[in-house]
Structures are given as C-alpha cells and as structure tokens.
2 protein chains.
Amino acid sequence: MSAAEQISIWMRPENVERSGPGRRPGYSRARITQVAVEIADREGLEAATMRRIGQELGTGAMSLYRYVPKRDDLIDLMLDATAGEIELAGRPSGDWRADLSLVAHQTRAVSLRHPWQVTLARRPTIGPNMLRVYDFALSALDGFGLHIDEMVSLCGMMGDYVASAVRDEIGWLEQARHTGMDRRQWMSEYVGPYVGQIVESGAYPMFNRTIREGRLSHMAPDARFQYGLDHVLNGIAAALPDRNA
Amino acid sequence: MSAAEQISIWMRPENVERSGPGRRPGYSRARITQVAVEIADREGLEAATMRRIGQELGTGAMSLYRYVPKRDDLIDLMLDATAGEIELAGRPSGDWRADLSLVAHQTRAVSLRHPWQVTLARRPTIGPNMLRVYDFALSALDGFGLHIDEMVSLCGMMGDYVASAVRDEIGWLEQARHTGMDRRQWMSEYVGPYVGQIVESGAYPMFNRTIREGRLSHMAPDARFQYGLDHVLNGIAAALPDRNA
DNA sequence: TGCATTTCGAGTACGGCGTACGCGATTGGA
DNA sequence: TCCAATCGCGTACGCCGTACTCGAAATGCA
C-alpha cells in the first residue's frame, strides 16, 4: 500500500469549488459529519453506521463515499467538529492556571455532550480545531523560561488526565444507566465479592483502603474532576522555575 | 436487561470443578485466552476473531461460547492475562520513585509486547492481575501521610501518562511500519503541508515551535518515555508533604 | 442550441463479523 | 442399564464496511 493512502482526511479536502462539467454536489462533509455526530450523541457511535447516516440524509450508504473515503476518516471529522465547540479566548489571559483549567473544563464539558468520544480506540489525527486548543494550552505555559519540550510534556500530562477522567466519568454514567448502581455500590458489589476473601484477608490492602477510607466515590463528579485536576496543576506548578504557582 | 448480564467476566467463573453427568470440558478460558493473545500479538486484535481463535484450536467459533459469554469478555481476560506478565517485587522497596518507575517501565514493556492493548476502546474491567499492580503502585506512596484519595490521584496521574505515552509510541511504530516515515518526517510532511501557510503565518505559533525547536521527536523512544515520566514523578514528588523526593 | 465530458447519486453484491439456536455425542450417577 | 446434564459444533441470521457499476444531471464549447 502506498503512503498516500495513509494520509489523513485533512490532506484530502473535498472539492468544494468546482467549475467544470458534472453534477453539483448535493451533500457535504460538514453536513454528513453533523448528522453523524447527532446520531452518535443520541445512540452511541456504533449506531452511526454508514447506512444509518445515509438514511438520515434521505439517501443510501454509498452516496456518502463521494465525500468521505472511509468511515474512520469520518470519525476523525466528527472528533474535530466537536473540538470546535471548545470555547477559548483568542489568547491566554496570562494566568496559566486559569487558562489550563479553562481548557480542561471546556474539554470535559464537550466530551460529556458527546460521550461516544471516549469509546474511541484510535488516537485521533489532529485536525484544525484540535490544533487550536493544543496551541492555546501550550501558550498558557509560555513565558516562564520553559523549553518547548517541557511545555509539551506538561500539557500532555494534563491532557492525559482530562481524557482519562472523562472516560471514567462517562463509563460510570453508562454503567449507572444500565444497572442503576452508583459508583460506590458498584465498587463494593461488583469488585468486592470477586476478590472477596482476598481483600478481607489483606492481600490487596491499599485497594481495600480505597474502598473503606476513600471519599472520591462519594464526591460529585464536578468535585472529583477538580480534585484530580488540582493535583495535576500542582504538579505543573512544581515545574515552573521561579514558583509562579 | 438484567443487571446480572452486565456483571464482569470475573464474577462468572467457569465451572472448572464438575462432578455431575455430562461431557468433560475439552478447552478452558486460559487456553482460549492464550491463543487469542498469540493471534493478537502477531496480527492485531481485529484478527483475533472468534472464528479464527476456534480455528487455531482446531474447532469452530461457537465452541468458545461454552467458556466465554461474549467476545468483549474474552478481551478482558486477554488484558488481565498480559497484566500478569508485569514483574514486581512482593512489596515496594521503600524508594517510592524507584517503585513507581518499575511499574511504569514494566507496564510499558508489556504493552510493547502486546501492541493491540492500546487499540482498545473500552476501559478494561479490573481483573486480579491488574489489581495486584494497582495495589503495588498505591503502596509505594504509603507512609508519607497522604490521604488514600491523594495516592489514588497521584498513581492515576502516572497511569494516565504511561497509557498515553505507550499508545503514542505504538502508534508511531505502526505508522512507521506502514509508511516508512519516522516521527519527525511524519510531523513535517503530514501535518505540515496541511496547516501549511497557517503555521508559517503564525496562527499556531506554539505548534510551530514544537516542530522547529522540539527535540522530543529526535529522542530515542526509551529516552522520550523517561523524559515524560520524570516530569510526572516530579509532580508527584511535589505532593509529598516533607519533600521526600 | 446541441453535444461531449465529467461528476454525482444510488443500487447491488460480497465477504466477514458476533452470536442465537438446536442437535447429536459423551459422560457420571441412580 | 438408563437418564439427565453437559459439551462440541454446524447452521443461519442480521448486521457491518465498502468495491463496483451505471444512469442522470450539469456544465463548457462548437
């Protein structure tokens, strides 16, 4: 297979400005992406099949392939489209902690609106909207004398936390929706009986403590997210040269 | 659907000790899991279909369903089986930084041996082997006066980093295998042309700097992993009360 | 104006997936 | 010996992504 076939969707713009002969396009990537996102929001990513998207547009599955090479590429488009919902100021405010918090909370909010995002396996290709967020986060850490690689590393740390925390949160939401158990109940009734005597016998003492002493399970989702985020931001603060925390 | 059907594979032990009438089992979860892991290691997770696993065992797909309720459950079994390859001492050494580094590097090594792990969408259910690693990591931070929730938060931070870094690393490996480009080449030839004049015009100045000044792309994978890990561990050190760093 | 050329919309079909279902074969206990 | 429970496994169904194909529509030009 040639390398060109591996190139991301962003390198293959749809021919939106045509002047030659031939029928005019009746759909568009943007419209298809929008419909796909709506379906995935309502019924999950696996419901956004090519047939279903086509049906929602009043056509068949194959018509979509005039605009999108593969379904995987459409998913990249969907991801970047939702990244476009992240609202940031044009430039960071100068308060790095507030700026990074903004990115974190905005990202979380968008992901909670589009829970299918966390069910993705592939690391998404970076589209223009994601690039905008990435650049904002990086520039929040600019001006402290850090090397660019350090900023990348620290921003990545926060990004990893946010992605993971949101995946957890949505996982619990869906779990609760299916079983009616809340997080703590699930932890004790589901994991508990399995490790059973092992936990009680002290083989997993720390896990045992998370169940008995841990308060994270009791916290509201907002507070739990903030709790972890604070630790991450404290870690970033520790990397700033002259304690601009 | 009942809640019982949602219960993880760990709550549904296979009937390994039978004495009543009926044919004796010819296979086992362990054997099926092992074969599935071998196939996934060689050809990727999507190649480990039920039909293919059955074929490798000299039978059909449906025979496996006597031992595993669903393919998703089998994947949970595969994950925990590989987590069993993580080699840790019985108890942490007392040097928290060395202990957490051990967990991080062991986890990375195992994931590199089983690259299909990072292509997973669902957050895995925690099996016994994962629990063992989790408990080891937590206990490495015990004894510094931290609340258990803080330990969970800090360990989670490191776990998030490791998972993300390994996913990246494997992603690049497969990219390189397909296209013959290394990481830096890909960054400039693939992302570069797309943002094109935008990058040059200064709309994404920080991203621009990661391309021009960044050295992360040039580092060997081991060093890159360690670079990020050091930042995470520094962040954890900052959370220890009396600077036990 | 009429035609040649090009693109679009859409139907058909293929191979592969997970897995529901059912049935003969095998086994231990009464 | 016969019964009842369990296993191995083949068949079949309804999905999926998408390769291929062809008529319809829309221009630029003669």
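Which residue of chain A forms a salt bridge with Arg209(B)? The partner is Asp142(A), and the closest N and O atoms of the pair are 3.1 Å apart. Bear in mind while you look around that this is a predicted model.

**Where the two protein chains meet**

That pairing belongs to a short list, since the count between chain B and chain A is 2 salt bridges. Side chains of opposite charge can pair when their charged atoms come close. Polar contacts add to the picture: the rule finds 18 residue pairs of this kind across the interface of chain B and chain A, with both residues at pLDDT 80 or more.

Which helices of chain B supply at least two residues each to the side that touches chain A? They are H5 (128–140), H6 (148–179), H7 (183–201), H8 (205–212) and H9 (221–239). If you want one to start with, pick H6(B), which gives the most to that side of chain B, with 15 residues. Sorted by class, the side of chain B that touches chain A has 31 nonpolar, 15 polar and 13 charged residues.

Taken as a whole, the interface brings 59 residues of chain B into contact with 60 residues of chain A. The two chains bury about 5,500 Å² between them, and 63% of that is on carbon and sulfur atoms.

How are the two chains related? A rotation of 180° with 0.0 Å of shift along its axis puts chain B on chain A, with an RMSD of 0.1 Å. That is the relation of a two-fold axis. The same surface serves both copies, as 100% of the contact residues of chain B recur in chain A.

**Around the DNA**

Now for DNA strand C. It is surrounded by 28 residues, and the closest are Gly26(A), Thr59(A), Arg66(A), Arg51(B) and Arg71(B). Of the strand C atoms that come within 4 Å of the protein, sugar and phosphate account for 53%. The surface near strand C divides by class into 10 nonpolar, 8 polar and 10 charged residues.

DNA strand D has 27 residues around it, the closest being Arg51(A), Arg71(A), Gly26(B), Thr59(B) and Arg66(B). Sugar and phosphate make up 53% of the strand D atoms that come within 4 Å of the protein. In the surface near strand D, there are 10 nonpolar, 7 polar and 10 charged residues.

Here are some of the side-chain polar contacts to the DNA, with the kind of DNA atom involved:

| Residue | DNA strand | DNA atom | Distance |
|---|---|---|---|
| Thr59(A) | strand C | phosphate oxygen | 2.3 Å |
| Arg66(A) | strand C | base oxygen | 2.3 Å |
| Tyr65(B) | strand C | phosphate oxygen | 2.9 Å |
| Thr59(B) | strand D | phosphate oxygen | 2.4 Å |
| Arg23(B) | strand D | sugar or linking oxygen | 3.1 Å |
| Lys70(A) | strand D | phosphate oxygen | 3.4 Å |

Putting these side by side, Thr59(A) has a polar side-chain atom at a phosphate oxygen of strand C, and Thr59(B) has one at a phosphate oxygen of strand D. Arg66(A) goes to a base oxygen of strand C.

**Salt bridges elsewhere**

How many salt bridges does a search of the whole structure find? The total over all chains is 16. One to look up within chain A joins the side chains of Arg52(A) and Glu56(A), at 3.3 Å from N to O. Both of these residues lie in helix H2 (residues 50–56) of chain A, where they sit 4 residues apart, about one turn of the helix.

Technical notes
Residues numbered from 1 in each chain as written. Chains lettered and ligands numbered in written order. Predicted model: local features only at pLDDT ≥ 70, side-chain atom pairs only at ≥ 80, totals over all residues. Heavy atoms only, no water. Near = heavy atom within 4 Å. Polar contact = N/O pair within 3.5 Å; in protein donor to acceptor, adjacent residues only side chain to side chain. Nonpolar A, V, L, I, M, F, W, Y, C, P; charged D, E, K, R; others polar. Contact = heavy atoms within 4.5 Å. Buried area = accessible area lost by both parts, 1.4 Å probe. Salt bridge = Lys/Arg side-chain N within 4 Å of Asp/Glu carboxyl O. Least-squares fit on C-alpha atoms with pLDDT ≥ 70 in both.
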